[in-house]
Amino acid sequence: MTDVLDQQAFRYSNDAEPQLLCEDVPLSELAREFSTPLYVYSKRQIIENLHAFDATLKASGKEHYVSYAVKANSNIEILRILAEEGSGADVVSAGELLAALAAGFSPDKITFDGTGKTDREIELALKANIHAFNVESLEELTVINNIAERLGVRAKVSIRVNPDVDAKSHPYISTGMKENKFGIDMENAREAFIYASKHPALEVVGIHVHIGSQITSLDPFIKAARSTVKFVNSLRVKSGIVLEHLNFGGGQGIHYRNVVKHPLLPKDELGEEGEYVPSLSEFVGAVLPILDQTGLKIIFEPGRAIIANACALLASVLYTKSNSLKKFVITDTGMTELIRPCLYEAYHQVAPLELHQGSTQRVDIVGPICETSDFLAQSREMPPLKRGDAIAVLCAGAYGYTLASNYNLRPRAAEVLVDGTEYRLIREREKVEDVAGLSEKEKALMASLVS
Ligand code: LLP
């Protein structure tokens with residue numbers, strides 16, 4: 001949903017043999033140096049995405065802050081950049097909380113989400129004195145109360161309401177309907193707020209609502225905003241409970257198609273206008289005037305909109321083959337590095353790192369994993385590809401590495417951060433012998449094989 005930059009971080013060079021670049025670095029250089037699979041991030045794009053969010057909100061003149069959803073990408077170096085740029089952090093586990101604190105996010109800009117916080121996690125967050133827990137059930141509220149009492153502190157709580165709104169995204173990433181496990185429905189939420197307001201170890205600071213992810217129409221956001229505002233006002237009038245903030249969650253959709261353009265790339269089937277995604281200004285213009293009616297400070301928790309388009313996942317073609325029905329391009333990268341196509345039938349643009357003239361072909365781009373669902377793209381018109389060519393899967397920054405796995409005992413890939421003409425490794429590739437759990441003795445025995 002971020003508004004388009006003057007110059008996209010990922011684009012082709014103007015040469016006779018166009019090369020895909022990240023900022024000023026040819027991606028083929030990185031694929032050669034660090035091997036594939038490889039996640040490559042643009043520092044400039046990350047910062048511009050955050051600032052685009054901030055600037056759009058500032059332009060509205062409204063007090064707000066952006067709390068980056070760490071689950072989208074929790075690489076500590078990326079967290080450091082966002083902390084330094086003034087972002088808040090939205091965490092969902094002890095691991096994410098520790099990473100956020102270590103990266104330098106100010107505790108008073110950290111919120112803790114999630115339906116199943118453990119006692120240990122609650123205790124940790126209380127000791128760290130975070131801004132607020134986004135509480136998902138009445139029982140969780142009682143547990144937070146008991147732990148806070150035991151520690152002799154006050155827990156700041158914000159209650160997540162479920163507005164029963166269909167986000168019209170993939171069902172697995174829709175969270176705001178009654179059938180979903182998230183939040184407390186509007187009928188029971190009042191009881192939770194009243195409970196919290198009556199317990200001295202709890203301080204009710206806000207209300208939270210998050211209806212889903214990759215939302216590409218404004219309507220569900222508007223519906224959720226209206227019902228939350230109505231609830232906040234009635235809470236004040238009928239129960240005398242006054243809040244400090246309204247956290248409207250994340251979920252802003254982004255463009256996954258036509259991210260990188262070049263005349264040698266086949267046209268996307270949906271065409272230039274095929275994918276409607278509201279711009280950030282349209283989103284803010286639609287929801288902020290509604291949320292503003294509460295007079296509360298507004299928090300947004302974007303994940304994807306900050307990090308997705310700042311990363312390309314590089315892969316190498318291992319083999320090609322065809323039968324009477326299909327052509328397959330088999331790469332060294334698959335659902336273990338990017339599960340989104342398999343899990344949500346998500347579309348990611350795939351672009352060769354080097355473009356050559358030649359007729360295009362309709363292919364399935366698949367990985368090496370032993371599952372039929374292991375594909376990066378299906379029935380995709382692509383420029384010619386052969387063994388040894390490298391490709392980029394675009395917009396892989398959100399829910400790419402964080403959802404990666406060691407299935408088939410595959411080591412998780414390395415991550416590289418590009419900054420102008422410079423680049424550096426921000427996470428090493430896992431080692432096969434570690435992933436396989438070898439003892440030190442076994443590692444020594446296998447050393448000649450894996451070195
Ligand atoms: N706030 C809460 C409470 C969330 O649960 C999430 C994401 C966010 C904020 C950030 O949402 P975003 O702005 O990134 O849409 N793995 C899926 C997405 C799962 C989203 C989980 N919650 C995917 O790859 O599409």
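Biologist: In this predicted model, how many bridges join E1 to strand E2?

Modeller: Strand E2 covers residues 20–22, and E1 and E2 run antiparallel. One of the bridge pairs places Phe-10 opposite its partner in E2, Cys-22. The number of bridges joining E1 to E2 is three.

Biologist: Which strands are the edge strands of that sheet?

Modeller: The sheet is open and has three strands in the order E1-E2-E3, with antiparallel pairing. An edge strand here pairs on one side only. The edge strands are E1 (10–12) and E3 (25–26).

Biologist: Are H2 and H3 parallel or oblique to each other?

Modeller: The axes of H2 and H3 (residues 76–84) come within 10 Å and cross at roughly 45°. Angles under 35 degrees would count as roughly parallel, and 65 to 115 as roughly perpendicular. The angle of H2 and H3 is in neither range, so the two helices are oblique.

Biologist: Which residues in H3 do Lys-43, Ile-46, Ile-47 and Leu-50 in H2 meet?

Modeller: H2 and H3 pass each other in a right-handed crossing. Contact here means heavy atoms within 4.5 Å. On the H3 side, the residues met are Ile-78, Ile-81 and Leu-82.

Biologist: What is the handedness of the crossing of H5 and H6?

Modeller: The axes of H5 (residues 119–128) and H6 come within 10 Å and cross at roughly 55°. That angle makes H5 oblique to H6. Residues in contact include Ile-122 and Leu-126 in H5, and Val-143 and Ile-147 in H6. The crossing of H5 and H6 is right-handed.

Biologist: How far apart are the closest N and O atoms of Arg-44 and Glu-48?

Modeller: Both residues lie in helix H2 (residues 43–59), four residues apart, which is about one turn of the helix. Arg-44 is partly exposed at 25% relative accessibility, and Glu-48 is partly exposed at 30%. A salt bridge needs a nitrogen within 4 Å of a carboxyl oxygen. Arg-44 and Glu-48 form a salt bridge, and their closest N and O atoms are 3.6 Å apart.

Biologist: Are Arg-160 and Glu-136 buried or exposed?

Modeller: Their side chains meet in a salt bridge, at 3.0 Å from N to O. Arg-160 lies in strand E9 (residues 155–162) and Glu-136 in the loop between strand E8 (132–135) and helix H6 (138–151), so the pair ties together parts that are 24 residues apart in sequence. As for accessibility, both Arg-160 and Glu-136 are buried.

Biologist: How many residues apart are Arg-412 and Glu-430?

Modeller: The side chains of Arg-412 and Glu-430 meet in a salt bridge, 3.3 Å from N to O. Arg-412 is in the loop between strands E19 (390–394) and E20 (414–419), while Glu-430 is in the loop between strand E21 (422–427) and helix H12 (432–435). The two residues are apart in the chain by 18 residues.

Biologist: How many salt bridges does the structure hold?

Modeller: Some share partners, and such bridges join Glu-77, Arg-80 and Arg-424 into one network. The structure's salt bridges number 20.

Biologist: Where is Gly-253 found, and is Gly-253 buried or exposed?

Modeller: Gly-253 is in the loop between strand E12 (245–247) and helix H9 (280–291). Buried means under 20% relative accessible area. The relative accessible area of Gly-253 is 0%, so this residue is buried.

Terms used: Residues are numbered from 1 along each chain as its sequence is written. This is a predicted model: local features need pLDDT of at least 70, side-chain atom pairs count only at pLDDT 80 or more; totals for chains, interfaces and linings use all residues. Side-chain values use heavy atoms; hydrogens and water are left out. Buried means under 20% relative accessible area, exposed over 50%, partly exposed in between (1.4 Å probe, protein chains only). Two strands pair if DSSP finds at least two bridges between them. Axes are lines fitted to C-alpha atoms, for helices over the stretch in contact, and angles run from 0 to 180 degrees between N-to-C directions. Angles under 35 degrees count as roughly parallel, over 145 as roughly antiparallel, 65 to 115 as roughly perpendicular and the rest as oblique. A crossing is left-handed if the near helix is turned anticlockwise from the far one by less than a right angle, and right-handed if clockwise.
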